[in-house]
Structure formats: structure tokens, C-alpha cells
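Please work through the exercises below with the sequence and the 3D view open side by side. Each one sets a task and is followed by a solution in steps.

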Amino acid sequence: MKPAKNNGKTGPSLHKCPTGIVGLDQITNGGVPRGRPTLVCGGAGCGKTLLAVEFIVRGAIQFNEPGVFMSFEETSEDLSKNVRSLGFDLDDLIRREKLAMDFVRVERSEIEETGEYDLEGLFVRLNHAIDSIKAKRVVLDTVETLFAGLTNTAILRAELRRLFLWLKDKGVTVLITGEKGDGTLTRQGIEEYVSDCVIMLDHRVHDQLSTRRLRVVKYRGSTHGTNEYPFIIDAQGISVLPVTSMGLNHLATTTRISSGVKRLDTMMGGKGFFRGSSILVSGTAGTGKTSIAAAFAKAACQRGEKCLFFGFEESPAQIIRNMLSIGIDLAPCVKKGLLRFHTSRPTLYGLETHLTVMHKQIEEFKPGVVIVDPVTNMISAGIAQDVRSMLLRLMDYLKGRQITTMMTSLSSVGDAIEQSVCGVSSLIDTWVFVQDIELGGERNRGLYILKSRGMAHSNQIREFVLSDHGIELLDVYLGPSGVVLAGSARLAQAAREQAEDAASKQEILRQRTQAQAQRKALEAQIAALQAQGLAQNLAIEHLAAQDRLRAVQGQADRTAMARSREADVAAPAVAGPRRGRHL
Amino acid sequence: MTRLPKKIKARTRKPKPAALPSDLWDLRLYVAGRTPKSVRALRNLKRLCEENLKGKYHIEVVDLLKHPHRAKVDQIVALPTLVRKLPESMKQIIGDLSNTEKVLLWGGISTRTAKSSPDGPDGEDA
């Protein structure tokens with residue numbers, strides 16, 4: 001891993017030296033200036049020494065740049081012990097010649113000053129240490145202690161100036177720590193000589209909650225983030241909250257994922273939430289918000305996606321137990337490593353620290369789905385505006401990573417229905433609202449989708465029922481004057497409607513039967529008339545036939561008569577005029 | 001240090017190297033090469049020792065440019081530094097030793113008539 005060059009956006013003129021500290025390299029656009037001194041100042045206990053140690057150790061381990069740590073306050077043994085808990089083994093680094101440590105002891109009671117002197121001894125030691133391991137990084141922590149040990153400040157200042165010039169010539173990147181003074185960056189005004197880059201650390205306590213912050217006060221020759229960034233110190237060292245882009249350039253996918261409740265998916269066009277969107281589930285106490293969140297988590301795990309559940313109210317064991325009672329078993333998801341719980345009280349630390357911790361967890365676990373339950377608890381850790389700002393940054397961060405987020409929010413009974421805490425509603429894409437329906441001496445829950453950007457969604461209220469087999473969404477009934485009926489009232493209404501239905505069915509059946517009977521009767525009549533008609537036809541035919549027969553017989557009789565009377569045989573046709581005697 | 005300024009008390013509490021007499025002063029001067037300050041310091045030291053500790057002193061000059069690791073081991077920051085190893089080791093004195101009285105006070109040597117003026121920064125030197 002060669003040292004990073006040209007990381008800065010300023011071009012080849014300013015090389016940077018990456019610190020390896022999470023987030024700091026992003027804020028400084030690549031690290032501290034290479035070959036120049038950087039000042040880290042702050043009050044007592046801000047973390048300056050830790051930052052300096054990480055700079056050296058990470059430089060040695062991650063970037064293969066040996067470093068010299070010259071300490072004026074702690075002995076090498078103490079330092080080794082202190083940083084061992086972070087997993088840094090300084091003795092091992094010394095053995096491998098990646099680190100040289102020197103403790104400079106300057107006790108006023110042990111020194112008598114006469115005449116002119118200089119600090120060449122310090123130079124010699126530093127030079128020797130740098131050359132012995134070919135160091136590229138140097139830390140001086142904290143040079144101001146010299147001012148406590150030696151009285152001649154004129155000499156000291158001159159020598160310090162000379163020291164920094166000498167270090168610059170040597171080509172090493174130096175980190176100098178200084179204690180914050182009253183009104184000045186450092187107590188002794190070292191910032192005069194070290195002004196290429198100044199980083200200030202701060203440890204503020206507000207309302208009993210402490211937050212650590214870092215600010216790049218000055219960085220010659222480079223752009224840098226100028227805000228105060230919160231950071232945390234934990235078992236892995238310093239983590240600075242990384243810069244979240246505050247532009248609105250997120251990608252939007254069209255993939256949809258299930259909410260875990262089938263009917264809810266149906267209410268959203270049959271497909272569910274957009275991936276990467278933010279979802280708010282709000283409602284009063286006891287309306288089942290956590291259950292919806294748990295169903296969502298379970299659905300994610302079943303798809304094989306990782307889910308990170310941030311809880312601020314209940315412990316993981318409690319959540320798992322409660323969800324089991326409605327048929328959502330989260331334990332196997334946890335065992336498979338797909339579901340991770342991270343629970344803490346909101347008052348544990350300040351809002352910024354919460355955000356940093358969440359960032360860290362998300363970076364480490366890389367989930368596809370994040371649940372925050374509930375978000376409104378954060379009010380106890382800060383004021384409403386700060387909570388909103390924190391949520392905005394969190395959602396921004398998650399959207400940038402296409403992580404779908406579900407947040408639950410507790411509204412109070414007296415609030416207007418569509419009021420959400422801290423005005424968060426404008427930040428979210430889908431808002432599912434669970435409300436209480438109180439009627440007829442009972443309280444039931446109704447769920448509806450208040451808004452869902454980018455998709456067609458149902459505008460109907462569904463009754464939200466938690467049972468042994470999970471979450472069910474049932475149709476509601478509308479009673480007289482448009483009152484929504486749920487629970488027992490719904491059942492009563494359903495029974496009533498069923499009865500009515502049956503009754504009307506019966507009535508129709510009866511009428512139909514009647515009509516059918518009537519038709520049958522008519523048909524019979526028609527048949528009878530038809531039969532009569534037929535009979536008449538037959539009679540007419542019969543008469544006609546008789547007539548014909550009679551005619552034919554008559555002719556035959558006449559012919560026979562004529563023969564018998566030996567009359568002229570007339571033509572059988574009687575068409576000609578009759579001659580002869582009329583017979 | 002509260003010593004009676006009457007006499008030189010060359011008490012040694014620790015066993016001394018056999019070769020050295022018991023009231024020997026073992027002095028060590030740390031320098032970094034030949035600089036005006038270090039030359040001055042050495043000259044001043046030699047003169048002070050000649051005047052006050054005739055025959056009973058031993059000066060060792062440690063050149064840190066030749067032995068840089070000594071600086072860390074002996075915790076040297078400023079130069080020149082004078083350290084007394086024997087009689088008991090005591091606090092360092094830094095500077096070119098031009099302030100004779102202070103040096104003598106440091107060493108617990110009474111300020112008997114200072115025979116010559118010390119060489120200061122702008123004094124002539126050889």
C-alpha cells in the first residue's frame with residue numbers, strides 16, 4: 001500500500017498523507033498535508049493523544065509508513081498500556097522497527113539554567129529516531145510541556161520555529177498536539193509556527209449529554225469540510241461521522257419489496273414499498289407499530305436480506321418474545337445472522353453520537369433494510385429541531401446507499417391525526433397510519449396509507465388485527481352516517497348483513513318460484529289452445545276432404561248413371577257445355 | 001540543596017570505582033559538536049573546576065553527534081548540559097555556564113573569590 005498521493009482535489013501541488021482514521025480522511029479530502037506540520041488542539045481529554053497515536057499506528061500498519069512518537073507527557077510504557085485496549089500493540093511495532101517512541105522528560109525542579117542554551121538535544125534525539133527506522137511520520141505530544149519545564153520562552157520559541165523548519169526539510173509529516181488556551185488555539189500560541197493545517201477537537205456537555213466534535217479550522221492549499229463533525233471513541237479508536245452528501249442526487253429504483261403483510265402490499269398496487277424508500281409507521285400507543293416493523297424485518301430476512309433493527313424502547317429479547325405471540329418468529333433470523341438488534345436508551349448519549357453509532361453499525365453490517373423503533377424517543381436526547389436534523393441526515397445517508405428504512409413514530413392521543421413528530425412527514429416517502437377506532441365500548445385499530453410517493457395506493461381504511469397467525473387486514477364496514485365499524489360492531493354488522501342477504505335471497509327465490517309457476521300455467525293454457533287449434537284444423541281438413549270426396553263420388557255416380565242409361569259417354573271432364581238431356 | 005557553604009563536602013554514599021579517590025567530582029558535559037556555546041561551556045567548566053576543585057575532578061565530554069542514542073538514555077533535551085555523576089547525581093545544569101555564581105551554587109561550592117571573570121557569549125575566546 002503506497003502512501004496516497006494526489007488524493008486532494010487540488011491537483012498535484014499538494015500531496016496528502018492519509019491518517020487512516022475513519023471519516024477524517026474524507027473531511028480533509030485525503031488526509032493531512034504531507035511533509036508539513038499539522039496542529040491538533042483541544043481541551044483536556046478531547047482525544048488529541050489518541051488521534052496522534054492512531055495517526056502513527058495506522059500509518060505504520062495500513063500505509064507502511066514508519067513513524068516516531070515523541071511524547072512529553074506520558075512514558076512509553078503508559079502509552080503502550082493505554083492503547084492496548086484499542087488493539088494496538090506498540091511493542092510489536094517497535095520490534096518490527098515500524099515505530100520509535102521517545103519520552104522526553106523535562107522537569108523544572110531538575111534543571112538549572114545558566115547562560116545560553118539551545119534545544120539541540122531534542123533535535124539529535126528526533127533525528128536519531130527518524131533515521132533509525134526511516135520514519136515518514138512524526139508526532140510531538142505535546143510540545144507545550146517544554147514551556148513548563150524551561151523558563152526562557154524566547155529561546156524556546158526560536159527553537160520551536162527552527163524545529164518545524166528542520167522537520168519540513170526532513171520531509172516528514174508532523175502532527176503536533178496542543179492544549180487549548182483561553183481565546184487562543186493553543187496555550188503557548190504554537191499556531192504561529194504551525195499553520196498549515198489546524199484541527200480542533202471539542203468535548204461538549206449539553207443537558208448532561210456529551211458530544212465530541214472535530215473541526216478543521218484551517219487547511220492551507222486544500223478544500224475541506226468546514227463544519228463541526230461529531231466523532232466517537234470506541235473500541236476501535238476514533239470514528240468521525242462521515243460526510244453525508246447534502247445534495248439531493250439519490251438514485252431511485254423501481255424495484256419493490258414486500259412489507260411482510262400481504263394485504264398491505266395489495267394496498268400499494270400489489271407490490272409493496274419501493275426499495276430504498278423511507279417509510280413511517282405512526283400511531284398512538286399500542287397500535288401495533290412495532291409489529292408492522294417486525295413483519296417487515298421478517299420479510300426481509302426471508303428474502304435473504306440483512307436487517308438492522310435499532311430499538312430505543314425495548315430490549316431485543318422482549319421484542320422477540322412479543323412478536324412470537326403474534327406468530328412472527330424472529331429468533332431464527334437472528335441466529336442466521338440476517339437480523340441484528342442494536343438497542344440503547346436515547347439518553348445514553350447525545351444525538352450526534354447516536355447518529356455516529358448508527359452509521360458505524362450500518363457500515364459494518366451492511367444491511368439492506370433498517371428499522372428504527374421508535375424515532376420519537378430521540379426527543380428525550382435533544383430538542384425537536386435537532387432531532388429532525390439528525391433524522392434528515394440519517395435518511396439521507398440511508399437513501400444514498402439504497403437502504404430501505406422503516407421508522408415508527410408515536411403520536412399522542414391529543415395530536416391532530418396527521419401531525420407527525422418534528423415535521424418528519426415531509427421527509428418520508430410512504431406513511432402508514434394506524435389509528436384507534438373507538439365505537440360501541442371498544443377500541444379497535446384501523447390502518448390506512450396516508451401517502452405513498454410514486455405509486456397508486458388504496459385510500460381505504462382497513463381494520464388491523466393482530467392474531468396468533470400474524471397481522472391481518474380486514475375490510476371495514478360502514479355503518480349508518482358513514483361511521484367506520486370495526487371489531488364487534490363489524491361482526492354485528494356483518495351478521496346483520498348476512499341475515500339480510502339470506503332473507504332477500506329467500507324472497508327472490510320465492511318470487512321466482514311463483515313466476516315460474518305462473519309461466520307454467522300460461523304454458524299449459526297455450527298448450528291447450530294450441531291443441532284446440534289443431535283440432536279445428538283437423539276438422540276443417542276433414543270437411544274439405546269430405547267435400548272433395550262428395551264431389552268425386554257425385555261425378556262417379558253420374559257417370560255410372562249415364563252408362564246405365566246408355567247415354568253418351570261424355571268426357572269425364574265436365575268442362576264442356578252440357579249437351580243432351582239434362583239428367 | 002542546602003549545603004553548608006563552608007567546605008566542599010565530597011561525601012559519597014555509593015561505593016565508588018576503586019580507581020578514583022573518594023572526593024572526586026565526576027562531571028559529564030553533553031555537547032553536539034563544536035559550537036560556540038559548547039566551546040564556551042567547556043572552557044568555563046574547566047576554569048571553574050581548576051579554580052575550585054583542583055585535582056579532584058574529572059570531566060567527560062559526550063558528543064551527541066557521535067553518540068545520538070545517549071541523548072535518549074540520559075534524557076538530554078537542551079545543550080549544552082552539565083551533569084554531575086559523582087558525588088551524588090543531581091539536577092542538570094544547562095547553558096554555557098557563563099553564570100559562575102549559579103554554577104557554584106549548583107555545585108554547592110562556596111563562592112570564594114571568583115578568580116577570573118567567566119567567558120560570556122560575547123567574550124573573547126581562543
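The exercises that follow concern a predicted model, and they go from whole chains to helix pairs, rings and the backbone.

**Exercise 1. Describe the make-up of chain A and chain B.**

Solution. Begin with the secondary structure: chain A has 14 helices and 25 strands, while chain B has three helices and four strands, arranged from the N terminus as β-α-β-α-β-β-α. Next, turn to burial, where 48% of the 583 residues in chain A are buried and 44% of the 126 residues in chain B are buried. Finally, consider the contacts between residues at least 6 apart in sequence: in chain A, 69% of them join residues at least 24 apart, and in chain B, residues 24 or more positions apart account for 66% of the contacts with a separation of 6 or more.

**Exercise 2. Find how α5(A) and α7(A) are oriented, and name the residues through which they meet.**

Solution. Two packed helices are described by the angle between their axes and the distance between the axes. Locate helix α5 (residues 120-133) and helix α7 (residues 153-170) of chain A, whose axes come within 11 Å and cross at roughly 20°. Angles under 35 degrees count as roughly parallel, and therefore α5(A) and α7(A) are roughly parallel to each other. The crossing of α5(A) past α7(A) is right-handed. The contact involves residues including F123(A), L126(A) and I130(A) from α5(A), and R162(A), L163(A) and W166(A) from α7(A). Within this set, look at R162(A), which lies over the face of F123(A) at 4.0 Å from the ring centre.

**Exercise 3. Repeat the analysis for α1(B) and α3(B).**

Solution. The axes of helix α1 (residues 36-52) and helix α3 (residues 100-107) of chain B come within 12 Å and cross at roughly 60°. That angle makes α1(B) oblique to α3(B), and α1(B) passes α3(B) in a right-handed crossing. On the α1(B) side the residues are R47(B), L48(B) and N52(B), and these meet T100(B), V103(B) and L104(B) in α3(B).

**Exercise 4. Characterise the aromatic pair of F433(A) and Y448(A).**

Solution. Over all chains, the structure holds five aromatic pairs. In the one formed by F433(A) and Y448(A), the rings are 5.7 Å apart centre to centre with 45° between their planes, and the pair is classed as tilted. This pair links distant parts of the chain, with F433(A) in strand β20 (residues 430-439) and Y448(A) in strand β21 (residues 442-452) of chain A, 15 residues apart. Both F433(A) and Y448(A) are buried, and ring pairs join them with W431(A) in a cluster.

**Exercise 5. Locate the unusual backbone geometry and describe its setting.**

Solution. Most residues other than glycine have a negative phi, and most peptide bonds are trans. Check the peptide bonds: D141(A) and T142(A) are joined by a cis bond with omega about -10°, and T142(A) lies in the loop between β7 (137-141) and α6 (145-149) of chain A. In chain B, the bond from L79(B) to P80(B) is cis, with omega near -10°, and P80(B) is placed in the loop between α2 (69-73) and β3 (81-86). Then check phi: K134(A), which is not a glycine, has a positive phi of about 55° and lies in the loop between α5 and β7 of chain A, where its relative accessible area of 64% makes K134(A) exposed. For Q402(A), phi is likewise positive, near 55°; Q402(A) sits in the loop between α13 (384-400) and β19 (404-410) of chain A, and at 21% relative accessibility Q402(A) counts as partly exposed.

Note on methods:
Residues numbered from 1 in each chain as written. Chains lettered and ligands numbered in written order. Predicted model: local features only at pLDDT ≥ 70, side-chain atom pairs only at ≥ 80, totals over all residues. Heavy atoms only, no water. Phe/Tyr/Trp six-rings, centres within 6.5 Å; stacked < 30°, edge-to-face > 60°. Helix = DSSP H or I, 4+ residues; strand = E, 2+ residues; numbered from the N terminus. Buried < 20%, exposed > 50% of the residue type's maximum accessible area, 1.4 Å probe, protein only. Lys NZ or Arg CZ within 6 Å of the ring centre and 35° of its normal. Axes fitted to C-alpha atoms, helices over the stretch in contact; angles between N-to-C directions. Parallel < 35°, antiparallel > 145°, perpendicular 65-115°, else oblique. Left-handed = near helix turned anticlockwise from the far one by under 90°. Contact = heavy atoms within 4.5 Å.
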